[in-house]
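Dear colleague,

I am passing on a structure that you have not worked with before, and below it I have set down what was found. Please read the notes with the model open beside them.

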Amino acid sequence: MDAVARCGPCMMVVEVPVNGQSFLAFDYGLKRTGVASGNRITRTATPQATIAAEGDARLAKVAERIREWQPDALVVGVPYHPDGAAHENTARALKFARQLRGRHGLPVYEVDERYSTTEAHALGAKDADAASACIILEQFLRSLP
């Protein structure tokens with residue numbers, strides 16, 4: 001039986017196949033993209049080295065991570081204003097998610113990531129981008145039944 005997750009600012013329900021066990025998550029940023037790996041069994045995420053690259057160089061480094069980890073699916077944090085309204089970085093993160101879908105043929109789940117970086121800083125993270133990706137992925141994993 002497939003599971004459902006609630007993602008995005010309106011808590012849209014998305015189906016997540018039960019064979020989706022391993023995930024790579026990304027906290028997209030203009031210059032740095034946080035990365036975390038995690039799995040459905042433990043419902044935990046582990047920070048990975050942040051990607052410090054832009055444009056095609058970023059996409060190449062993401063492709064390397066996907067080859068290395070061979071996840072079943074990807075998770076992308078999408079930022080919104082506190083009231084749920086979209087802004088410039090919302091569009092950029094959604095474009096990044098579309099690029100990943102098109103290039104890798106994997107399911108890509110978009111997760112509302114409001115306050116993930118703030119939470120990472122509050123936790124004293126040395127790499128706030130990777131910690132934010134962990135928070136995003138754990139939020140996604142907790143939404144699975």
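To begin with one side chain: does Arg 101 count as buried, partly exposed or exposed? This is a predicted model, and in it Arg 101 has a relative accessibility of 32%, so it counts as partly exposed, since that class lies between under 20% for buried and over 50% for exposed. The side chain of Arg 101 meets that of Glu 110 in a salt bridge, with 2.9 Å from N to O, and Glu 110, at 25% relative accessibility, likewise counts as partly exposed.

That pair belongs to a wider set of charged contacts, for a search of the whole structure finds six salt bridges. Another of them joins Glu 54 to Lys 31, where the closest N and O atoms are 3.5 Å apart. Glu 54 sits in the loop between β5 (44–51) and α1 (55–69), while Lys 31 sits in the loop between β3 (22–27) and β4 (33–39), so this salt bridge ties together parts that are 23 residues apart in sequence. As to their surroundings, Glu 54 is partly exposed at 46% relative accessibility, whereas Lys 31, at 57%, counts as exposed.

A further salt bridge is found within a helix: Arg 92 and Glu 88 both lie in α2 (residues 88–104), four residues apart, which is about one turn of the helix, and their closest N and O atoms are 3.2 Å apart. Here Arg 92 is partly exposed, with a relative accessibility of 31%, and Glu 88 is exposed, with 58%. Finally, Arg 32, Asp 127 and Asp 129 are linked with one another in a network of salt bridges.

Strand β3 deserves a separate look. This strand is mostly covered, five of its six residues being buried, and it has pairing partners in both β4 and β6. With β4 the strand runs antiparallel, and six bridges join the two; together they form a hairpin that has five residues between the strands, and Leu 24 stands opposite Ser 37 in β4. With β6 (residues 73–78), by contrast, β3 pairs in the parallel sense over four bridges, and there Phe 26 stands opposite Val 76. When you look along these strands, it may help to recall that in a regular strand the side chains alternate between the two faces of the sheet.

With best regards

Methods: Residues numbered from 1 in each chain as written. Predicted model: local features only at pLDDT ≥ 70, side-chain atom pairs only at ≥ 80, totals over all residues. Heavy atoms only, no water. Buried < 20%, exposed > 50% of the residue type's maximum accessible area, 1.4 Å probe, protein only. Pairing = 2+ DSSP bridges.
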